[in-house]
Structure formats: C-alpha cells, structure tokens
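Biologist: I am new to this entry. Could you take me through it in questions and answers?

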Amino acid sequence: MDDLRIRDIVIVGGGTAGWMAAAALSRTLAGGGLRIRLIESEAIGTVGVGEATIPHIQYFNRLLGLDEDEFVRRTAATFKLGIEFVDWGRIGERYIHPFGSYGQEMEGIHFHHFWYRQAQAGRGLPLDRYSLAVAAAQAGKFQRPEPNRRGSPLADISYAFQFDAALYARYLREKAEAAGVRRSEGRIVEVQRDGASGNVSAVVLDDGTSIAGDLFIDCSGFRGLLIEGALQSGYEDWSHWLPCDRAVARPSRRIEDPLPYTRATARKAGWQWRIPLQSRTGNGHVYCSRYISDDEAVAILDANLEGEPLAGPNFLRFTAGVRRKAWDRNVVALGLAAGFLEPLESTSIHLIQTGIARLLTNFPDKRFNQHDIDYFNRRTRLEYEQVRDFLILHYKATERDDSGFWDHCRTMAIPSSLEERIAIFRENARLFRHDNELFSETSWLAVLHGQNIEPARHHPIAGYLTDAELDARLARIAGAMKASVEIMPRHQQFIDRHCRSETP
Ligand SMILES: Cc1cc2nc3c(=O)[nH]c(=O)nc-3n(C[C@H](O)[C@H](O)[C@H](O)COP(=O)(O)OP(=O)(O)OC[C@H]3O[C@@H](n4cnc5c(N)ncnc54)[C@H](O)[C@@H]3O)c2cc1C
C-alpha cells in the first residue's frame, strides 16, 4: 500500500509566523521522520512589527517547552497586564482593558451585575477598583500569580508579554533549527503545481534550487505567495468596518522604567500604539489614508513620541480582512498571509498560534481530506469574525465628532452579530461568550463601559441581596484588591530580579 503520510513540510517565510510554525511543528512532530524546511529571503525581509501579545501566548511557550525567564531575557520583553485606551469614547477619557476578570462571580452570575446595581443606585467605587490588573498596571507593578494563596486576588494574575519581534523570530529560529528544521535563504521566483491534483509541488528559488514538498505552509506575509499568488484563494475585504489601511512604526529611546501595559491613543484618523520593552519603546500610528496623508501621519507620530527616535519611520500598508480559504489544497496560510486585523487588541500573533493548533488537530495525510479542510476554514473564519467584531466596537462606540474619520466610524453600519450583542448589553448588562470565542465577558465589559455604553438594568438575580450585604461584599473585594497591589513589587524590580535582558 502507498505510504500516505506527509513526509516533507515546506514553510515559506521566516517572519514571526514562519518561525512560530517551524518551532511548533518541529517540536510536536519530532521523531515522526518528517523533514521540515523553511525558506526566507533576507532581501525581502519581514514586517518587523508585532510586539504586544495576549495571555494565551503562555500556552504556546509551554508547548515549546520554553523557560519563561529565558524567553523574556532573550526577547527584551516586559510583562503586560492589559491595554490602556486613551481618547476613544471621548477626548480626555481613558480606561484600561485588563487581562483577568473584575471582582468575582457571586450567586452564579458575573460580578458586573452587582457593580451596576450599586452604581445605578449612585453608590460604590469605579469599576476599575475591582480589577487587580488595572490597579497594578496603574501603579506600575507586576508579579506572577501565586496559586497557593487561595482566595487572594494574587492567586490568579493573568498576563502577557511585550517583546521585540526580531529577537522573538531569532529565538524561535534557534529552537527550530536545534530541533532539525533546515533553513534556506533565497527568493522564491516560481511556484510549481501538479497538473493532475492542482496541488503545489515545489517552489523554485532565484538560484535555480527547487524545493519540493507534500504540505506547504504559506507564511509569506501580506503577499500570500502560494495561497493567493499561486492558488488565488480570494480575500474578503472588511475595510468598510475597519477603514485603517496604513501604519507607520518608529521605535524610540526608553525614558522611564517600562510600564506593564500597552497604550492605544486615538488620533484624528486612527490611533497610536506605545509598547514598552526592556530595550526601547515600540511606537506606531495606524491610520486611514482616506483622511490623512503619510506625511501628516508621521508628523503626528513624531510629535507624540516620548523619547528620541531610534530608527527611521517604517511604513506599512494593509487591508483589513480574511483569506476566503486559509487552507486550499495542500497549502495552509498562517500569519499575514491568512488575513489582517489591525493590532488594536494585539491579536495577530494569537491567530498564528491558533492556526498552528488547528493545523495540528486537522493534520492531513497526502489525501488532503476536504472535510477536514472545510472545517479548518470554517473555524478560522469564525475566529477572525469574532475578533473583527470586538475591534469594530472600539470605533463604533464613540462620541467623537472632531474629524471625518470619527464621523464615519460613529455612524457606520456594523455587523448584525455586533449590533445584537450591544443591544442585549444595553437592555440588562448580559454578556455572552459565543462558541468559545477569544474575548471574554471581561473584555467586552471593559470596552463597552470604558466607551460609555451603559445598560438600562442589571441581571435580576443581582437584585436579591440586601443593600447592606451588597455594599459589604463589594467593599471586601475592593479592599482585597487594594491590599494585594500594595504588596506587589514594581514591574522593573520584578524584571531585575528574574529576567533582565542583556540587550542594550
Ligand atoms: C502595523 C502592525 C503592527 C502590528 N502589531 C502587532 C502586535 O502588536 N501584536 C501582534 O500580535 N501582531 C501585530 N501585528 C501583526 C504581526 O506583525 C504579524 O502577525 C507577524 O509579524 C507575522 O508576520 P508574518 O510572519 O505573517 O509575515 P512577515 O513578517 O511579512 O514575513 C514574511 C516572510 O516571508 C518571506 N517571503 C515573502 N516573499 C518571499 C519570497 N518570494 N521568497 C522567499 N521568502 C519570501 C519574507 O522574507 C519573510 O521572511 C502587527 C502588524 C502590523 C502591520
């Protein structure tokens, strides 16, 4: 009988997606007799951005067996407790979308219903006072969770990382090559296909080398060399909902101890990120070219840098959307080749990670079962749609009317899935996490409340406690949060103690 097992995997591209795929596949499929090759072109380079993550990256690190302190040191990383949004709902306002949750569930329902009951009666503290992540971020503090402190907010601290994308790719490359991945340098100039099946059979480099494979992973970035260039899988454009189509990035010198959170400040036609690393600060301005020019975008960025710029501006162009088929025939697209959702909630690296996990779950043999492929594509699309809706909320939930861009966002039609979610929340504060989606009730609440969408009522079950009992419970929770933050070390202190980077 023919051996139908996949023997040769070819990864096209050595950006974050390519090296994440190489590191993960070489580790999980080790010993299976597979050959994994990665092709990249230094002449083409990588996008060189992508520095803020979400807590799920810890699962990926565990899959690779990384030592977290070493990972932080090697990538000049800092810890991240959430994202601060400045000037989104109204100019002059700010809020933090924290990792972790607010307060604690009571009577089987989410904490925020109790908080709304108290707030709607004109009593109580701001919602932020019930989030350890917000309080710690504002105080510039960080520590890892202490699971043994049962009942303490310190038992359950959710965190992610902010790291240098180039160092991250280099670090993963080292791991992948040590696990047997072979790297080829060169520019792919031709993609060859099998006449009978239509599958990609080989790629040809500019020096004439031909590299054949059974399974191709397209990590070639926005160009989607195989998935679009060769197979023309199609791209669904979502720019009518997410109109920003350019970014300009520029790192700057760090002027203070790094803060344990990312900042996203809304500007007149987009927003600016600030990502503190151990070695420098990452900055960039995501904007909509219909409303401002590149020159104006870079001027706004430069005017708002906190330290001296360390490199020239790096301009990037994109279209929000998703590949119609992230998996087509024997090609699976990951990273920017699979779709693009702007980095407002730091989701792209996560989407690479879930793409890899989904590929492993549906790992094919040479028959490439179409049902598996269809399932992979359906799940990929759903995941992108769920993230898309959450991003659109940030633009839609605004009262800003100071520019054509914000007038467009405030008044634009939104997907019915998002419309329904907002309507349910406005009624009685109910939030649902659909189909194991990435963003939890905490995330939705943070942005809805942070951008002034408020419910008329709360869950009826929150109405059964007496006022005195409600006040006492909430005061206890807020007290525990405050006491916990007081004993946490400063973020820089924690880094110095455990994982200080040597990168200048
Ligand atoms: C402005 C901006 C900010 C972002 N910020 C974040 C963030 O904070 N958090 C986050 O999670 N994500 C972020 N992202 C997304 C993140 O940068 C990407 O998901 C990540 O870098 C993966 O990129 P990639 O590997 O798919 O593509 P790329 O980095 O573009 O790599 C493509 C690879 O393909 C190779 N290649 C292409 N064509 C050929 C060819 N013909 N021959 C040989 N090799 C070829 C290139 O040499 C390169 O190695 C951001 C993206 C942008 C645009």
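Modeller: A term is needed before we start: two strands pair if DSSP finds at least two bridges between them. The model shown here is predicted.

Biologist: In strand S16, which residue does Arg274 stand opposite?

Modeller: Strand S15 covers residues 270-276, a range that holds Arg274, and S15 pairs with S16 in the antiparallel sense over 7 bridges. The residue that Arg274 faces in S16 is Asn283.

Biologist: How many residues are in the hairpin that joins S15 to S16?

Modeller: S15 and S16 run antiparallel as a pair. The hairpin joins them through 4 residues.

Biologist: Over how many bridges does strand S13 pair with S16?

Modeller: S13 takes in residues 246-249, and its pairing with S16 is antiparallel. Within S13's range, Ala247 stands opposite Val286 of S16. The number of bridges between S13 and S16 is 4.

Biologist: How many residues of S16 are buried?

Modeller: On one side of S16, Thr281, Asn283, His285 and Tyr287 are buried. On the other side, Gly282, Gly284 and Val286 are buried, so both faces are covered. Of the 7 residues in S16, the number buried is 7.

Biologist: How many disulfides does the structure hold, and why does Cys288 not form one with Cys244?

Modeller: A disulfide requires two cysteine sulfur atoms within 2.5 Å. Cys244 has the cysteine sulfur closest to that of Cys288, but the distance is 5.8 Å, which is too far for a bond. The number of disulfides in the structure is 0.

Biologist: Is Cys288 buried or exposed?

Modeller: Buried means under 20% relative accessible area. Cys288 has 1% relative accessibility, so Cys288 counts as buried.

Biologist: What is the relative accessible area of Thr78?

Modeller: Thr78 belongs to strand S3, residues 78-80. Its side chain makes a polar contact of 2.8 Å with the side chain of Gln162. A polar atom of the Thr78 side chain also lies 2.7 Å from the backbone oxygen of Pro276. Thr78 is buried, and its relative accessible area is 0%.

Biologist: Is Ala179 buried, partly exposed or exposed?

Modeller: Ala179 sits in the loop between helix H6 (165-178) and strand S7 (182-185). Exposed requires over 50% relative accessible area and buried under 20%. Ala179 has 43%, so Ala179 is partly exposed.

Biologist: What distance separates the C-alpha atoms of Ala179 and Glu40?

Modeller: Along the chain, Ala179 and Glu40 are 139 residues apart. Their C-alpha atoms are separated by 18 Å.

Biologist: Turning to the ligand, how much of its area does the protein bury?

Modeller: Backbone atoms make several approaches to the ligand. A polar backbone atom of Gly14 is 2.8 Å from a ligand oxygen, and a backbone N or O atom of Ile188 is 2.8 Å from a ligand nitrogen. A backbone N or O atom of Leu336 is 2.9 Å from a ligand oxygen. The ligand alone exposes 1,000 Å², and the share of that buried by the protein is 98%.

Biologist: Which element gives the largest share of the shell around the ligand?

Modeller: The elements that give two or more residues to the shell are helix H1 (16-28) and helix H9 (348-361). The largest share is 3 residues, and the element is H9.

Biologist: How many charged residues does the shell around the ligand have?

Modeller: In total, 34 residues surround the ligand, with Ala52 and Ile349 among the closest. By class, 16 are nonpolar and 14 are polar. The number of charged residues is 4.

How values were computed:
Residues numbered from 1 in each chain as written. Predicted model: local features only at pLDDT ≥ 70, side-chain atom pairs only at ≥ 80, totals over all residues. Heavy atoms only, no water. Near = heavy atom within 4 Å. Polar contact = N/O pair within 3.5 Å; in protein donor to acceptor, adjacent residues only side chain to side chain. Areas by Shrake-Rupley, 256 points an atom, 1.4 Å probe, with all protein chains shown as cover. Nonpolar A, V, L, I, M, F, W, Y, C, P; charged D, E, K, R; others polar. Buried < 20%, exposed > 50% of the residue type's maximum accessible area, 1.4 Å probe, protein only.
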